[in-house]
Amino acid sequence: MLEALVITPVKNALENTLETIKAIQRTESTVSYFVYDDFSDKDVSQTLFAEQSKLGYNYIHLSALTNTPSPNYHTVLIDAQKKAIQLGVPLIIVESDVVVKPHVFKSLLSYISPKTGMVGAITVDDTGTINFPYLKFKNEKEAVIKTSRSLSFCCTLLSLDFLKTFDFAELNSEKDWFDTIISEKSIESGFENYVLLNTPVLHKPHGSRPWKHLKYTNPLKYYWLKFTQKRDKI
C-alpha cells in the first residue's frame, strides 16, 4: 500500500543528486518517487532520464510543465500537491543535497495525526552535528519538538490534510523558495509542525545550488548575481 509521494527538485549538482536518489531507493517505506529536473544542463538531464528505470524514480523535465526559466520550485510544488492529493497520500520533499537513511520516511510518517501539518527531519553534517538550516534547534534536548518556527524542505513531510487545506497555486510565483511561508500557512490553518531531532538526515548545505557557495568564497559576486539576476527570492 502506497504510504507517501516523495519528490526531489533538481538543478544540476549531478553527483549529489544521484547520492540522494540512491539513498531514497533503499527506503523501508512504500513510496512513489518523482525527480523534477529544473532545466539542468543537457548532460545532467540525459543522465537523470537514463537512470530512472534503474534507480526507481519517475523523471519529469520541467519543460513539460512550464517554459519559465529556473528556479521553478512553485511549479514543482503545485504539481506535487496535485499528485499527492490524487494518490491520497502525504508529500515528502527531499532536496538534492540530502541523504536519508532507510528508516527516515517511516519515522516521519509515524508522526501523522489529524493535527499534523508538517514534520521535518533534523539536518546534520557527516559528524552527526546539527547544521544549517536547523542550527536554531541545536540546543534543544527533546527528541521531538513542536514548533512555530519555519521548517526547511531539506527532508520534510506535508500531511494530506494540510495539502487539502491550502492550495499552493496561491503562493507568490515571483518568489523562489517557499518553506517559510508554507510553514506559516500550516500553523495559520490550525495544524501543528514538528522537527524530529531523533531522525537525522545528512545535509550538504547548498549542495543542490552550488552557486550559493559564492556567499562564502566570493560574497561580492554572490550578491551581484542575487540582485542582478534576481536569484534566491524568499
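Start by selecting Glu-28, which is partly exposed at 47% relative accessibility. Keep in mind as you click around that this is a predicted model. Glu-28 sits in the loop that runs between α1 (14-25) and β2 (31-37). Now, which residues does Glu-28 touch, leaving aside those up to four places away in sequence? Show Pro-102, His-103 and Lys-106, and you have the set. Pro-102 deserves a distance label: its C-alpha atom is 5.3 Å from that of Glu-28, although 74 residues separate the two along the chain.

Zoom out next and colour by secondary structure. You should be able to count eight helices and nine strands. The chain has 234 residues, and 52% of them are buried. Take the contacts between residues at least 6 apart in sequence: 76% of these join residues at least 24 apart. Switch on a surface and you are looking at about 11,300 Å² of exposed area, with carbon and sulfur atoms supplying 52% of it.

Time for the aromatics. Hide the surface and show the rings; there are seven aromatic pairs in the structure. Go to Phe-49 and Tyr-59, where the ring centres are 5.9 Å apart and the planes meet at 75°, so this pair is edge-to-face. Phe-49 belongs to helix α2 (residues 42-55) and Tyr-59 to strand β3 (residues 58-61), so the pair links distant parts of the chain, ten residues apart. Are these two rings buried or exposed? Phe-49 counts as exposed, at 52% relative accessibility, while Tyr-59 is buried, with a relative accessible area of 15%.

Then select Tyr-73 and Trp-177. Here the centres lie 5.6 Å apart and the planes are at 90°, so this pair is edge-to-face as well. Tyr-73 is in helix α3 (residues 73-87), and Trp-177 is in the loop between α5 (160-165) and α6 (179-188), so the pair ties together parts that are 104 residues apart in sequence. Tyr-73 is buried, at 7% relative accessibility, and Trp-177 is buried too, at 16%. Leave both on screen and add Phe-153: ring pairs link Tyr-73, Phe-153 and Trp-177 into a cluster.

One more ring before moving on. Select Phe-34 and Lys-83 together. Lys-83 lies over the face of Phe-34, 5.3 Å from the ring centre.

Last stop, the cysteines. How many disulfides does the structure hold? The count is zero. Select Cys-154 to see this for yourself: the nearest cysteine sulfur belongs to Cys-155 and is 8.4 Å away. Turn it around and start from Cys-155, and the nearest cysteine sulfur is that of Cys-154, again at 8.4 Å. Why does neither count as part of a disulfide? The sulfur atoms would have to be within 2.5 Å, and they are 8.4 Å apart, so the pair does not qualify. Check the surroundings of both before you leave: Cys-154 is buried, with a relative accessible area of 2%, and Cys-155 is buried as well, at 1%.

Technical notes: Residues numbered from 1 in each chain as written. Predicted model: local features only at pLDDT ≥ 70, side-chain atom pairs only at ≥ 80, totals over all residues. Heavy atoms only, no water. Buried < 20%, exposed > 50% of the residue type's maximum accessible area, 1.4 Å probe, protein only. Helix = DSSP H or I, 4+ residues; strand = E, 2+ residues; numbered from the N terminus. Contact = heavy atoms within 4.5 Å. Areas by Shrake-Rupley, 256 points an atom, 1.4 Å probe, with all protein chains shown as cover. Phe/Tyr/Trp six-rings, centres within 6.5 Å; stacked < 30°, edge-to-face > 60°. Lys NZ or Arg CZ within 6 Å of the ring centre and 35° of its normal.
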